[in-house]
Amino acid sequence: MKRRGSVYLLGAPGVGKGTQADLLAKQYGMSPFSTGDMLRQARKENTDLGKKAAVYMEKGQLVPDELIIGLVEQKLSKTENQGGFIFDGFPRTLLQAQALDDLLLKKKEPKLKVAFIELSIETLRERLLGRLFCPNCQKTYHVKNYPPRREGFCDSCNKPLIVREDDRPETVERRLVAYFDQTAPLIDYYKKTGNLKVVNGLGTVEQVLNALIIALELEG
Ligand code: AP5
């Protein structure tokens, strides 16, 4: 397998990071790395981390940096990275971004390529409030934009779909506030590294995928 550098999908909740990370992973043999999925798994298994994270996730707040950075260090040290990672939902604060830079440097990884996916707040709300989620395999759908083949059931594993608890309207609003306060400053952080590409998140899933492939120079 071709050895690639890692990429980071930066953007607000609901912009399509998870959807695109899955497709890029399939197409290029890269490894998705979603702290949101890891935390949901920890909650499902009722681990110590899962119990601590639940308190913040239920309120639509970010989980504290020390818990996230500890989790990431542990996962990265265990995971092989021949195809490159697709970071989705991490980093989300300046401290996390600096920690990731240090970790990649330690692992002698090539420079991180960053795609900032842009979308209006109205469309973000529409996507989050219409999302369906498979708690078994973590696949994501949308009632209108991206429905499953069989209503209410996952295409991949056939299990019933649910609405994510943090997709309730009041929690969605808090997540958007957390994004603008704590994560949006990373746009400037990565602009300064000269490594940030901006991609329009408005378009079909395929159009956004193609724009990401070009922006991140994944072909060839
Ligand atoms: P996390 O799971 O990371 O959620 P998020 O960043 O809020 O992102 P989402 O999963 O909501 O959206 P997405 O961009 O992946 O969009 P999706 O592809 O699903 O985090 C959850 C929580 O965990 C956080 O609130 C926090 O508490 C905690 N957490 C996680 N990481 C953390 C960290 N590093 N630090 C601190 N706390 C952390 O798409 C959305 C919808 O749109 C879907 O229905 C999809 O089908 C549809 N859609 C996608 N693309 C398109 C398109 N092109 N056109 C039309 N519809 C589309």
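In which kind of crossing, right-handed or left-handed, does α6 pass α7? In this predicted model, the answer can be read from the way the two helices lie against each other, and the report returns to it after describing the surroundings of the ligand.

**The ligand and its shell**

There are 36 residues around the ligand, and among these T19, R92, R131, Y141 and R175 come nearest. When the shell is divided by residue type, it holds 14 nonpolar residues, 14 polar residues and eight charged residues. Nitrogen atoms of the ligand also have polar partners in the protein, and three of these pairs are set out in the table.

| Residue | Part of the residue | Partner in the ligand | Distance |
|---|---|---|---|
| V63 | polar backbone atom | nitrogen atom | 3.0 Å |
| G89 | backbone N or O atom | nitrogen atom | 2.9 Å |
| Q96 | polar side-chain atom | nitrogen atom | 3.0 Å |

Taken alone, the ligand exposes 1000 Å², and the protein buries 96% of that area. Several elements give two or more residues to the shell, namely α1 (17–28), α2 (35–44), α6 (121–129), β6 (140–142) and α9 (205–215). Of these, α2 gives the most, with four residues.

**Two pairs of helices**

Two packed helices are described by the angle between their axes and by the distance between those axes. For helix α4 (residues 65–78) and helix α5 (residues 94–106), the axes come within 10 Å and cross at roughly 20°. Because angles under 35 degrees count as roughly parallel, α4 and α5 are therefore roughly parallel to each other. The crossing of α4 and α5 is right-handed.

The second pair is made of α6, which also gives residues to the shell around the ligand, and helix α7 (residues 169–183), and here the axes come within 11 Å and cross at roughly 135°. This angle is the reason why α6 and α7 are described as oblique to each other. As for the opening question, α6 passes α7 in a right-handed crossing.

**Two details of the backbone**

Most residues other than glycine have a negative phi, and most peptide bonds are trans. Against that background, the backbone of this model has two places that a careful reader may wish to find in the structure. A cis peptide bond, with omega at about 0°, joins F90 and P91, and P91 itself lies in the loop between β3 (85–88) and α5. The other place is N158, which is not a glycine and yet has a positive phi of about 70°; N158 lies in the loop between β6 and α7.

Key: Residues are numbered from 1 along each chain as its sequence is written. This is a predicted model: local features need pLDDT of at least 70, side-chain atom pairs count only at pLDDT 80 or more; totals for chains, interfaces and linings use all residues. Side-chain values use heavy atoms; hydrogens and water are left out. A residue is near a molecule or strand if one of its heavy atoms lies within 4 Å of it. A polar contact is a pair of N or O atoms within 3.5 Å; within protein, one must be able to donate a hydrogen and the other to accept it, and residues adjacent in sequence count only if both atoms are side-chain atoms. Accessible areas come from the Shrake-Rupley method with a 1.4 Å probe; for residues, only the protein chains shown count as cover. Ala, Val, Leu, Ile, Met, Phe, Trp, Tyr, Cys and Pro count as nonpolar, Asp, Glu, Lys and Arg as charged, and the others, Gly among them, as polar. Axes are lines fitted to C-alpha atoms, for helices over the stretch in contact, and angles run from 0 to 180 degrees between N-to-C directions. Angles under 35 degrees count as roughly parallel, over 145 as roughly antiparallel, 65 to 115 as roughly perpendicular and the rest as oblique. A crossing is left-handed if the near helix is turned anticlockwise from the far one by less than a right angle, and right-handed if clockwise.
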